[in-house]
Amino acid sequence: MYHHVKKLMYTVRVDEPDPRFGNMLLEQFGGANGELAAAMQYSIQGLNCEDPDRKDLLMDIGTEELSHLEIVGTLARMHLKPSKFDRQAAEADPLIAIAGGGGVNLFNSQGNAWTADYLKITGELDVDLRSNIAAEARAKIVYERLINFCDDAGTKDALQFLMTREITHMKAFSLALESMAKPAFSIGRIAPTPGLVDQFFNDSTGTGDHGEIDTRGPWNEGGEWVFTESPAIQSGEQSPAATIVTESSPAVDEVGLGELLVDELRDILHAEKQLTKALPKMAQAARFDQLRELFEQHLAETEVQVERINECFEMLGKSARAKPCKGMMGLVEEGQEIMAEGEEKEDAAADLALIGAAQRVEHYEIAGYTTARNLAQQLRHSTIVSLLSKSLAEEENADQLLNQVARSLMSVAKMPAAVEQTE
């Protein structure tokens with residue numbers, strides 16, 4: 001729920017209005033790096049975010065950007081005010097003066113309308129946080145340039161405040177990204193092609209008219225880098241290390257990893273088949289509609305996951321034979337006990353216990369899929385990696401959804417009434 005407070009985060013003061021500078025300020029009102037774009041980008045990322053901690057961060061900063069929009073809008077309006085009645089001032093921007101009556105509108109400094117194309121929203125939290133860090137850096141530079149072109153002391157103070165907050169947000173987004181403990185180049189779930197990922201192509205060669213040269217640095221030498229001459233000028237005599245790695249072929253299995261992968265897949269297959277029988281019972285035992293629908297949705301996902309595992313066996317040329325998964329058998333048995341005990345409990349308490357059992361199952365499956373996917377990556381079975389990654393993502397999402405339902409139920413559950421002390 002949004003609530004507007006009739007007080008700016010920073011009180012704006014303009015001593016000498018300058019309509020031309022007011023037009024420049026519109027870049028931070030309705031421009032690509034402006035406050036509205038930032039407010040919408042972070043808020044919509046927050047709405048999509050399944051991580052409750054970082055969702056709160058995104059909504060906090062997204063809301064603050066709306067406050068900054070009001071500051072910039074107030075500054076621009078005060079500078080543009082002369083264009084309401086002064087012909088010379090109006091000529092600074094006829095669009096603002098004639099069509100807009102000398103007030104602000106959702107345009108940038110060139111009169112281009114604001115567009116949602118400015119927003120960078122991928123739905124991948126780590127990718128979005130990197131976009132946000134870059135967005136804050138760009139906005140900081142815009143504010144810095146505005147300060148350099150401004151002569152009004154009050155305006156410069158306000159811009160300094162706004163510029164400083166961009167750095168604050170960069171720090172917050174950077175630390176949020178760091179706290180995810182995700183390797184810097186681990187983007188998404190599908191692994192890059194081994195070998196190709198470490199090739200640096202020297203595609204700009206020779207000495208230029210102004211003395212440009214080929215240079216070497218940590219971006220193309222040292223570590224795992226393979227410096228490769230431009231593919232356009234490679235000759236047939238290039239060494240194997242210099243040729244382009246076009247695709248990942250299955251690796252030679254010298255330590256029995258293939259057998260281990262098959263064993264893991266057979267264990268997961270049996271686990272998933274047990275779940276296709278257990279989930280309908282859990283859905284029937286759920287008291288709240290949201291939890292029941294979640295179990296039904298995950299049953300449909302589990303049935304597709306079984307099909308994916310069968311595809312993996314087909315690609316490996318192995319029979320899709322399940323291996324008894326004792327771990328899942330124990331978890332399912334424990335879940336049955338919890339359902340039986342839940343018959344004597346209040347609705348919220350019974351469903352919270354059921355969620356606990358379901359999350360233990362999810363974490364067990366996440367561990368199994370992670371192991372199998374890592375083995376497939378090592379063996380360079382890229383298609384199998386893709387299939388297992390899809391199932392792993394569904395298990396992780398199911399765990400997050402269970403968390404959300406649990407939070408809702410905890411707010412519903414009533415705390416025991418306090419016992420009054422009698423003297």
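The legends below describe close-up views of a predicted model. Local features are reported only at pLDDT of at least 70 and side-chain atom pairs only at pLDDT 80 or more, whereas totals for chains, interfaces and linings use all residues. Residues are numbered from 1 along each chain as its sequence is written, and side-chain values use heavy atoms, with hydrogens and water left out.

**View 1. Annotated binding site at Glu-35, Glu-65, His-68, Glu-136 and His-169.** The "binding site" feature on these residues comes from an unreviewed UniProt entry; UniProt positions follow the numbering used here, feature names are shortened, and annotations may be inferred rather than shown by experiment. The five positions are spread over 135 residues of sequence, yet they cluster in space, with a largest C-alpha distance of 12.9 Å.

**View 2. Surroundings of His-68 in helix 4.** Helices are DSSP runs (H or I, at least four residues) numbered from the N terminus. His-68 has a relative accessible area of 0% and is therefore buried (under 20% relative accessible area; exposed is over 50% and partly exposed in between, with a 1.4 Å probe and protein chains only). Leaving aside neighbours within four places in sequence, His-68 is in contact (heavy atoms within 4.5 Å) with Met-9, Glu-35, Phe-161, Leu-162, Arg-165 and His-169.

**View 3. Surroundings of Glu-136 in helix 7.** Helix 7 comprises residues 125-148. Glu-136 is buried, because its relative accessible area is 1%. Residues up to four places away in sequence not being counted, Glu-136 touches Tyr-42, Glu-65, Glu-166, His-169, Met-170 and Phe-173.

**View 4. Annotated binding site at Asp-56 and Asp-60.** This "binding site" feature is likewise taken from an unreviewed UniProt entry. Asp-56 lies in helix 4, which spans residues 52-80, and Asp-60 is found in helix 4. Asp-56 is partly exposed, as its relative accessible area is 46%; Asp-60, at 47%, also counts as partly exposed.

**View 5. Packing of helix 9 against helix 11.** Helix 9 (residues 257-285) and helix 11 (residues 326-342) pack at about 10 degrees, with their axes 10 Å apart. Axes are lines fitted to C-alpha atoms, for helices over the stretch in contact, and angles run from 0 to 180 degrees between N-to-C directions. The two helices are therefore roughly parallel to each other (angles under 35 degrees). From helix 9, His-270, Ala-271, Gln-274, Leu-275, Ala-278, Lys-281, Met-282 and Ala-285 meet Met-328, Met-329, Val-332, Gln-336 and Met-339 of helix 11.

Methods. Angles under 35 degrees count as roughly parallel, over 145 as roughly antiparallel, 65 to 115 as roughly perpendicular and the rest as oblique.
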